[in-house]
Amino acid sequence: LEEIKIDIIPKGRDCLEINCHITCFGKTGVEMEALTGVHVAALTIYDMCKAMGQEIVVENIRLLKKSGGKLNFKRE
């Protein structure tokens with residue numbers, strides 16, 4: 001992995017969007033590292049905020065875009 005960048009974007013009063021951008025020049029399924037980065041960030045936020053209430057939900061974790069490698073992918 002050459003670069004990892006996690007962006008946490010507030011989406012309203014009670015919602016966050018987490019994006020993980022990975023740059024890799026080796027032959028690997030880099031999307032798995034990006035999905036893992038989002039999961040770890042979401043679980044960290046959950047752990048830090050769980051004292052405020054048990055209503056926290058982690059959902060809709062998915063690959064939005066991948067370029068390079070054998071296949072390119074972009075969710076419409």
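This report describes the largest pocket, the largest nonpolar core and one exposed residue of a predicted model.

## Basis

Residues are numbered from 1 along each chain as its sequence is written, and side-chain values use heavy atoms, without hydrogens and water. In this predicted model, local features need pLDDT of at least 70 and side-chain atom pairs count only at pLDDT 80 or more, while totals for chains, interfaces and linings use all residues.

## The largest nonpolar core

A nonpolar core is a set of buried Ala, Val, Leu, Ile, Met, Phe, Trp, Tyr and Cys residues joined through side-chain atoms within 4.5 Å. Buried means under 20% relative accessible area, exposed over 50%, and partly exposed in between (1.4 Å probe, protein chains only).

The largest such core has nine residues: I18, C20, I22, V30, A34, V38, A41, A42 and I45. Both β2 and α1 supply at least two residues each, and α1 gives the most, with six. Helices (H or I, at least four residues) and strands (E, at least two) are DSSP runs, numbered from the N terminus. In general, nonpolar side chains tend to be buried together in soluble globular proteins.

## Around A42 and L43

Leaving out residues up to four places away in sequence, A42 touches I18 and V58; contact means heavy atoms within 4.5 Å.

L43 lies in helix α1. L43 counts as exposed because its relative accessible area is 54%. From L43 to V58 the C-alpha distance is 8.0 Å, and the two are 15 residues apart in sequence.

Definitions and conventions
1 Å grid on protein atoms, 1.4 Å probe; cavity = no way out; pocket = protein on both sides within 12 Å on 5 of 7 lines; lining within 4 Å. Points joined across faces, edges and corners; volume = space filled by probe spheres on them.
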